[in-house]
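Student: Could you take me through one part of this model up close? I'd like to look at the place where the two domains meet.

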Amino acid sequence: IITDLMDKLTHIFGQGLSNSFYPVPQQAIGVGSAFEGWSPHAQDVVYHVLVPLSPPPGHAFHLELDTAKVLQRNCCVHVELLCTCTREQLGEDMLCFLHHSEEELWKQDPSLLHTLCTGTYLDVEKTVQWFYRSMREAWLLLPHSCHWNLMLQPSSRSCKFQLSKDQENFMVEVIFGVRQGDSDIFVGSQPTEAGIPSTTWLETYAVAEAKFFRHISRQAPHDSWHCKCLQLLSRILMGVGFSSYALKTVVMHLLSTVPLTQWCRKDFRRRMMDTLKYLRCSLDTKQLNHFVIGNDRFPLEINLPSDFRRAEAPNLFQHLASNPDAHIKAMQEYVHLLDQ
């Protein structure tokens with residue numbers, strides 16, 4: 001239902017934006033635990049989708065990444081105007097933003113720089129508000145609107161909405177992304193700590209990780225329990241200090257090292273214990289390597305930027321290495337997890 005809805009939405013957006021200069025939404029990509037198959041609580045599941053944005057005609061996106069950070073780097077999306085005089089000569093109904101006067105340009109829609117940018121940078125909050133406004137209009141054109149009730153939820157860096165019909169409810173969160181080159185790594189609009197500038201986008205590995213789970217599902221036996229293992233442990237983790245992302249990282253590492261034929265139901269207990277042992281070893285060494293960055297086992301069919309595989313893997317437990325009190329607390333929580 002969610003995938004079908006988003007496909008139809010982006011199609012309507014594409015038709016409506018054909019003569020404007022707003023970002024062009026591409027086919028949405030399901031990411032996160034719900035689409036990876038291990039959401040810990042079915043009744044509270046949020047379906048996260050990433051909508052890639054392409055520049056409109058006459059514009060280009062240039063990513064300016066903060067190279068000082070290693071993990072989830074900050075980024076600004078610089079918007080550049082391109083010469084379109086050739087398109088005009090070919091008979092296309094478009095004036096060049098660079099080489100026509102302001103008096104002439106008033107005849108067509110304003111450039112992206114004058115709508116969703118702050119300065120010359122694509123603004124996250126302006127982009128989200130534009131999508132909210134457009135979605136209200138597009139929803140009325142969808143066949144879903146005859147059967148489903150749409151309720152938009154306030155959010156500044158993502159588009160959240162609830163779909164309901166009779167006893168069915170779906171919560172959806174849309175984040176927007178700009179692709180790094182032709183890779184499966186994006187910079188996205190995902191919510192973050194308060195105070196971050198609205199022109200700041202964050203590097204996200206969600207698409208590459210979702211593709212990894214689909215890759216595993218194609219390779220594993222049909223009765224593989226790897227998602228059930230992750231789902232059960234993530235439920236137990238609720239209320240314990242470990243993040244579900246750390247647990248997911250552990251399981252992804254194990255899926256790359258333990259043969260996929262050994263994740264069946266009869267192996268369930270052993271794989272659960274393997275996961276807990278890996279977590280304990282990571283706590284002891286205060287080292288849990290990121291799964292996508294610096295991982296030479298990452299499937300080659302998933303496109304990464306050229307420097308990713310050669311990079312040094314960031315340590316997700318760096319905060320434990322630099323804070324003895326946090327490490328002691330994490331060890332205590334691990335003991336509590338074993339009791340659970």
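Tutor: Let's start with a single pair: the side chains of Lys248 and Glu36 meet in a salt bridge, 2.9 Å from N to O. The term covers a side-chain nitrogen of Lys or Arg within 4 Å of a carboxyl oxygen of Asp or Glu. Across the interface of domain 1 and domain 2 that rule finds 1 salt bridge. A word on the ground rules: this is a predicted model, where local features need pLDDT of at least 70 and side-chain atom pairs count only at pLDDT 80 or more, while totals for chains, interfaces and linings use all residues. Numbering runs from 1 along each chain as its sequence is written, and side-chain values use heavy atoms, with hydrogens and water left out.

Now zoom out a bit. Domain 1 is 1–205 and domain 2 is 220–339, with bounds from an automatic or database domain assignment. Their centres, taken over C-alpha atoms, sit 31 Å apart. In contact (heavy atoms within 4.5 Å) are 16 residues of domain 1 and 20 of domain 2. Together the two domains bury about 1500 Å², 66% of it on carbon and sulfur atoms; buried area here is the accessible area (1.4 Å probe) that two parts lose on being put together, summed over both. On the domain 1 side, Trp38, Pro40 and Tyr205 supply 37% of the area buried against domain 2, more than any other three residues.
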